[in-house]
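Student: I have a structure open and would like to talk it through with you. Could you help me read it, one feature at a time?

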Amino acid sequence: QVQVVESGGGLVQAGGSLRLSCAASGHIFRLNTMGWYRQAPGKQRELVATITGGVTNYADSVKGRFTISRDNAKNTVYLQMNSLRPEDTAVYYCNVDLKTTAWASYRDYWGQGTQVTVSS
């Protein structure tokens, strides 16, 4: 009923930029928080950035380099990643907190992930 699809990953050299997009579709009544998480090999999934309304939150490791934004009309969240480092290499996952009807509870939906690889 709800699909969350990421795009925009790829291979980039250190210092380069990438822009990730994530679109939620299907039976959506209201979106709340939208965010990005990442998981590097052998590590736990970690928060990168979230946006709730106009309020943003960033992991310390990406502050000043990454910018999260959203287009509510398109149910889409973006992550602009600048000054990329090899340690940013990971699978990036989109997370959307939404409700499908007025009486439903909010719940999380995850995308399938998109690979970001930063070469040194």
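Tutor: Gladly; this is a predicted model, and we will go through its rings, core, sheet and loops in turn.

Student: Let's start with the rings. How are the planes of Y37 and W110 arranged in their pair?

Tutor: A search of the whole structure finds one aromatic pair. The ring centres of Y37 and W110 are 5.1 Å apart, with the planes at 65°. Angles over 60 degrees count as edge-to-face. The planes of Y37 and W110 stand at 65°, so the pair is edge-to-face.

Student: How many residues apart are Y37 and W110?

Tutor: Y37 belongs to strand β4, residues 30-39, while W110 is in strand β10, residues 107-110. The pair therefore links distant parts of the chain, and the separation of Y37 and W110 is 73 residues.

Student: Is W110 buried, partly exposed or exposed, and which class follows from its accessible area?

Tutor: Here the limits matter: buried means under 20% relative accessible area and exposed means over 50%. W110 has a relative accessible area of 39%, so its class is partly exposed.

Student: The charged end of which residue sits over the ring of W110?

Tutor: One charged end sits over the ring of W110, 4.7 Å from the centre of that ring. A charged end also sits over the ring of Y93, 3.7 Å from its centre. In both cases the charge belongs to R45.

Student: On to the core. Which strand gives the most to the largest nonpolar core?

Tutor: That core has 32 residues, and W36, L79, M81 and Y92 touch the most other members. Strands that each supply at least two residues include β1 (2-7), β3 (18-26), β5 (46-52) and β11 (114-119). The strand that gives the most, with five residues, is β9.

Student: Leaving aside its neighbours within four places in sequence, which residues is Y92 in contact with?

Tutor: Y92 is among the core residues that touch the most other members. With the sequence neighbours set aside, the contacts of Y92 are E6, L20, W36, Y37, R38, V48, F66, L79, M81, G113, T114 and V116.

Student: Now the open sheet. Which strands stand at its edges?

Tutor: Four strands form this open sheet in the order β1-β3-β8-β7, with antiparallel pairing. An edge strand here has a single partner, so one side of it is left without a neighbour in the sheet; the two are β1 and β7.

Student: What is the bridge partner of S7 in β3?

Tutor: β1 and β3 run antiparallel and are joined by six bridges. In β3, the partner of S7 is S21.

Student: Last, the loops. Is T100 buried or exposed?

Tutor: T100 lies in the loop between β9 and β10. Not counting residues up to four places away in sequence, T100 touches V2, H27, I28, F29 and Y109. Its relative accessibility is 17%, and the limit for this class is under 20%, so T100 counts as buried.

Student: What is the phi of N75, in the loop between β7 and β8?

Tutor: Most residues other than glycine have a negative phi. N75 is not a glycine, yet its phi is positive, at about 50°.

Student: And which class of exposure does S83 have?

Tutor: S83 is in the loop between β8 and β9, and also has a positive phi of about 50° without being a glycine. With a relative accessible area of 40%, S83 is partly exposed.

Definitions and conventions: Residues numbered from 1 in each chain as written. Predicted model: local features only at pLDDT ≥ 70, side-chain atom pairs only at ≥ 80, totals over all residues. Heavy atoms only, no water. Phe/Tyr/Trp six-rings, centres within 6.5 Å; stacked < 30°, edge-to-face > 60°. Buried < 20%, exposed > 50% of the residue type's maximum accessible area, 1.4 Å probe, protein only. Lys NZ or Arg CZ within 6 Å of the ring centre and 35° of its normal. Core = buried A, V, L, I, M, F, W, Y, C linked by side-chain atoms within 4.5 Å. Contact = heavy atoms within 4.5 Å. Pairing = 2+ DSSP bridges.
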